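Thanks for coming. I will take a few minutes on one structure, so have a look at it first.

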Amino acid sequence: MKFDILTLFPEMFEGPFSDSIIKNARDNGIIDINLTDIRDYTTDKHNTADDYPYGGGAGMVLKVDPIYYALEDITDNFKKKSTNILLTPRGEKLDQNMVKDLSNKDRLVLICGHYEGVDERIRENFVDLEVSIGDYVLTGGEIPAMVIVDAVARMLPGVLGHDDSKKNDSFYNGILDYPHYTRPSEFKGMEVPKVLLSGDHQRVAKWRKKQALKRTYLMRPDLLKKTKLSETQKELLREIKEELEGVIDNE
Ligand code: ADE
């Protein structure tokens, strides 16, 4: 899968894309990340990428022409198909479902906005999707672009050591992940739940299912409203609610 990133700050990406899982995915040819410096496509002698907003007001706006020329170049005169994404706090909020959809595309072009925003003509004519990574404002679209590359790349076959591991991820099935423990089984009086040491795979699986539901119920009940639960999960959730009511009654 190919990612093209249009940015004024390509060097910001060096660290996050040169280590760990993303590095391996690049080295193994599963993903290809191409960084394009928008400033290389400016047309005046001062390499101006931004300008004052028409109509006045605070801040600067990224100019339409350098982004246009960059897009024209990387898409071979708009002949190569791609999904063009503008990172902006105004966009559709990124979630695991969107990540899954994006992981089915062949090529994503991520346009990193900066300053007050990007000339609206880019959005109107060249953008398929506007994406926000949350309801807060960052200094630019670079970190959101990194977030998208990271989240999408790990969905691709062969990127994680175990392709199964993502099936237990929080959000993958609409609920949060279960708690994890590793050795030692006891540390300064803090113990690992006994069931995990029992070697009984069925009991472990049931415990994990229940813990995942319990966490979701306590921390993100909004997710449960959107998720279709299996009969087993519904039964476990009833148990959880009863147990929690018992705790409250005893208080
Ligand atoms: N640019 C600035 N803030 C952003 C956000 N929250 N999501 C995406 N792009 C942004």
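Where does Pro184 lie? Pro184 is in the loop that runs between helix H5 (142–153) and strand E9 (186–187). Keep in mind that this is a predicted model. In this model the peptide bond from Arg183 to Pro184 is cis, and its omega is near 5°.

A second backbone detail concerns Phe78. Its phi is positive, about 65°, although Phe78 is not a glycine. Phe78 is also a loop residue, placed between helix H2 (64–74) and E5.

Now the overall division. The protein splits into domain 1, residues 2–163, and domain 2, residues 186–250. Between the C-alpha centres of domain 1 and domain 2 there are 39 Å.

Next, the ligand. What is the space that the ligand takes? The ligand occupies the largest pocket. Two elements each give two or more residues to the shell around the ligand, namely strand E5 (83–93) and strand E8 (129–132). E5 provides the largest share of that shell, with 3 residues.

Going through the surroundings by residue, the ligand has Leu87, Thr88 and Pro89 around it, then Val131, Ser132, Ile133 and Gly134, then Tyr136, Val137 and Leu138, and finally Gly140 and Pro144. How does this shell divide into nonpolar, polar and charged residues? There are 8 nonpolar and 4 polar residues, and no charged ones.

On the polar side, I have three distances to report, each of them to a nitrogen atom of the ligand. For Leu138, a backbone N or O atom is 2.9 Å from a ligand nitrogen. For Thr88, a backbone N or O atom is 3.1 Å from a nitrogen of the ligand. For Gly134, a polar backbone atom and a ligand nitrogen are 3.2 Å apart. As for coverage, the ligand on its own has 260 Å² of accessible area, and the protein covers 96% of that.

To recap the ligand site: the ligand takes the space of the largest pocket, the shell around the ligand contains no charged residues, and backbone atoms of Thr88, Gly134 and Leu138 lie at the distances I gave. That is what I have for today.

Conventions. Residues are numbered from 1 along each chain as its sequence is written. This is a predicted model: local features need pLDDT of at least 70, side-chain atom pairs count only at pLDDT 80 or more; totals for chains, interfaces and linings use all residues. Side-chain values use heavy atoms; hydrogens and water are left out. A residue is near a molecule or strand if one of its heavy atoms lies within 4 Å of it. A polar contact is a pair of N or O atoms within 3.5 Å; within protein, one must be able to donate a hydrogen and the other to accept it, and residues adjacent in sequence count only if both atoms are side-chain atoms. Accessible areas come from the Shrake-Rupley method with a 1.4 Å probe; for residues, only the protein chains shown count as cover. On a 1 Å grid over the protein atoms alone, a cavity is a set of points where a 1.4 Å probe fits but cannot get out, and a pocket is an open set with protein on both sides within 12 Å along at least five of seven lines; lining residues have an atom within 4 Å of a point. A molecule sits in a cavity or pocket if more than half of its atoms lie within 2 Å of its grid points. Helices (H or I, at least four residues) and strands (E, at least two) are DSSP runs, numbered from the N terminus. Ala, Val, Leu, Ile, Met, Phe, Trp, Tyr, Cys and Pro count as nonpolar, Asp, Glu, Lys and Arg as charged, and the others, Gly among them, as polar. Domain bounds come from an automatic or database domain assignment.
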